[in-house]
Amino acid sequence: VRKSLGGRLKRLVLDVVLLYVVLPRKINFTQMEKYGKHTEKTYRDAFCTVIDWFHANFSLLMQVSKPTDRLANAIDPSYISKSGKQTPWTGKFWSGCASCAKWGLEILGIAALNIDQHNAFALKAVQTPDTLTLEKARLTLYKWYADVIVRYKKELMYVSKYIVADAAFAKNTFIDVIMEHGFYLVSRLRDDCRIQYIYDGPQEKRKGRPRQYDGYVDKQNIDTNKAEEFSMEGVEGRLFTFIGHHTAMKRNLRIVIWQMPDGKTKVFFSTDTEMSGEDVIAYYRTRFQIEFCFRDAKEFTGLCDCQARSKDKLDFAFNASLFAVNAAKVFRYKSDRSISMSTFKSLMVNQYLCKRIFSMSGFRPNMRFIKMFNQALVEFQLDAC
């Protein structure tokens, strides 16, 4: 939370984040009043608070990361269901689960990946404008995604110069913008992409431009004289890496071709040609951890539950939900027991209810009895799991 927040407001914001973890039902303002310490209007007003979510989430990441760990930034859009037409920037957005465009909202999630620990911490969620808003601003969707990266350049550069994204971001409209600001993209190419080997042999004494390329790549039959084969733990099949020229992008890339045991091939790349093939695979394999941030937030911390229609309140709700997931990860990391997000949610709900019971009972406290009774109630559902 920003240091400029007053003590009372800071406590109120932290209370809201706690409720995101402990509310067992749909997370909205009515439920917050029922389970929390303040009125519904107080919680509504708290959602207008401007929070430095980048700094707050990054501080949680540093609690579980080592100085030698490799970090990278990951981005991925996520569909948020929302009915009605009065909420700003509602429209048709692609839903990966439904495999079709659905009415609602979309957020662009930005996360920090820890490559060595194979996890992700959400840093920021930014709501995506609808098609009409993008047309008025004369922006394409992926140009807007790139502008978000530029907007938070200072914060993202503090994490890493690498942006990891899925194959949908492998476009010049996105790559050109982020590379102008010092970022590199690690992603995957289409299966039917056309790649050329770079020619590094002696040049013939003839007129015209010097020879640059040495034929197109056959993904099923890699020329081992021009590509280096390597292996990685947990990856079946054959891996080849080389610097190639992508015909459509008109740029040289660090290419990694994965020949899978079933005969299919996948092509990964980095716009940083100095990057090793092992790092390209390691970074891209860790990218999927951002999906688990969205999954946990939707299932356990009410990412899709906010009923507000203000952009500021929605922004607070999205980021508070993801922050609660990060806080749960830190607790689970520091806990002696390896527990799932579902079990952690049950523990927090039980603990919160026990605390409310004891705080409102009015009896003279018996600490020995309370400690024994509290432990039995808190772990009641845990034993059942």
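Which strand is A112 found in? Select A112 in this predicted model and the answer is strand β3.

**A112 and its surroundings**

Strand β3 covers residues 100-114. A112 has a relative accessibility of 0%, and because buried means under 20%, the residue counts as buried. To see what A112 touches, leave out residues up to four places away in sequence and show L61, A72, N119, A120, F121, L123 and V159. Then add L314 for a distance check: 202 residues separate A112 from L314 along the chain, and their C-alpha atoms are 22 Å apart.

**The whole chain**

Zoom out to all 385 residues, of which 49% count as buried. Colour by secondary structure to bring up 14 helices and 12 strands. The C-alpha trace spans about 95 × 50 × 40 Å along its principal axes. Among contacts with a separation of 6 or more, 61% are between residues 24 or more positions apart.

Switch to a surface next. The chain exposes about 20,600 Å², and 52% of that area is supplied by carbon and sulfur atoms. If you colour by charge, there are 59 positive and 41 negative side chains to find. The centres of these two sets lie 7 Å apart.

**The largest pocket**

Select P77, S78, Y79, W94 and G96 and centre the view on them. Of the 29 residues lining the largest pocket, these five are the closest to its centre. The space in this pocket is about 700 Å³.

Now show the elements that give two or more residues to the lining of the largest pocket: the strands β1 (71-81), β2 (91-95) and β3 (100-114), together with the helices α5 (131-136), α6 (141-151) and α10 (289-300). Which element provides the largest share of the lining? That is β1, with 5 residues. The strand already visited through A112, β3, is also among the contributing elements.

**Two loop residues with positive phi**

Follow β1 out into the loop that leads to β2, and select W89 there. Its phi is near 65°, a positive value in a residue other than glycine. Is W89 buried, partly exposed or exposed? With a relative accessible area of 22%, W89 is partly exposed, since the buried class ends at 20%.

Move on to K250, in the loop between β10 (238-246) and β11 (251-259). K250 is not a glycine either, yet its phi is positive, at about 60°. The relative accessible area of K250 is 69%, so the residue is classed as exposed, the cut-off being over 50%.

**Helix α9**

Select residues 277-286, which form helix α9. How many of its 10 residues are buried? The count is 7, and the helix is mostly covered. Highlight G277, V280, I281, A282, Y283, Y284 and T286 to display the buried residues of α9. When viewing down the axis, keep in mind that an α-helix has 3.6 residues a turn, so residues three or four places apart point the same way. G277, V280 and I281 are among the buried residues to look at from that angle.

**Enclosed space**

For the last stop, turn to the cavities: there are 2 of 30 Å³ or more. Which residues line the largest cavity? Select Y20, I27, N28, F29, M32, F47, C306 and Q307 to show its lining. About 50 Å³ of space lies inside.

Technical notes:
Residues numbered from 1 in each chain as written. Predicted model: local features only at pLDDT ≥ 70, side-chain atom pairs only at ≥ 80, totals over all residues. Heavy atoms only, no water. Helix = DSSP H or I, 4+ residues; strand = E, 2+ residues; numbered from the N terminus. Buried < 20%, exposed > 50% of the residue type's maximum accessible area, 1.4 Å probe, protein only. Contact = heavy atoms within 4.5 Å. Areas by Shrake-Rupley, 256 points an atom, 1.4 Å probe, with all protein chains shown as cover. Lys, Arg positive; Asp, Glu negative; His and termini not counted. Charge placed at Lys NZ, Arg CZ, Asp CG, Glu CD. 1 Å grid on protein atoms, 1.4 Å probe; cavity = no way out; pocket = protein on both sides within 12 Å on 5 of 7 lines; lining within 4 Å. Points joined across faces, edges and corners; volume = space filled by probe spheres on them.
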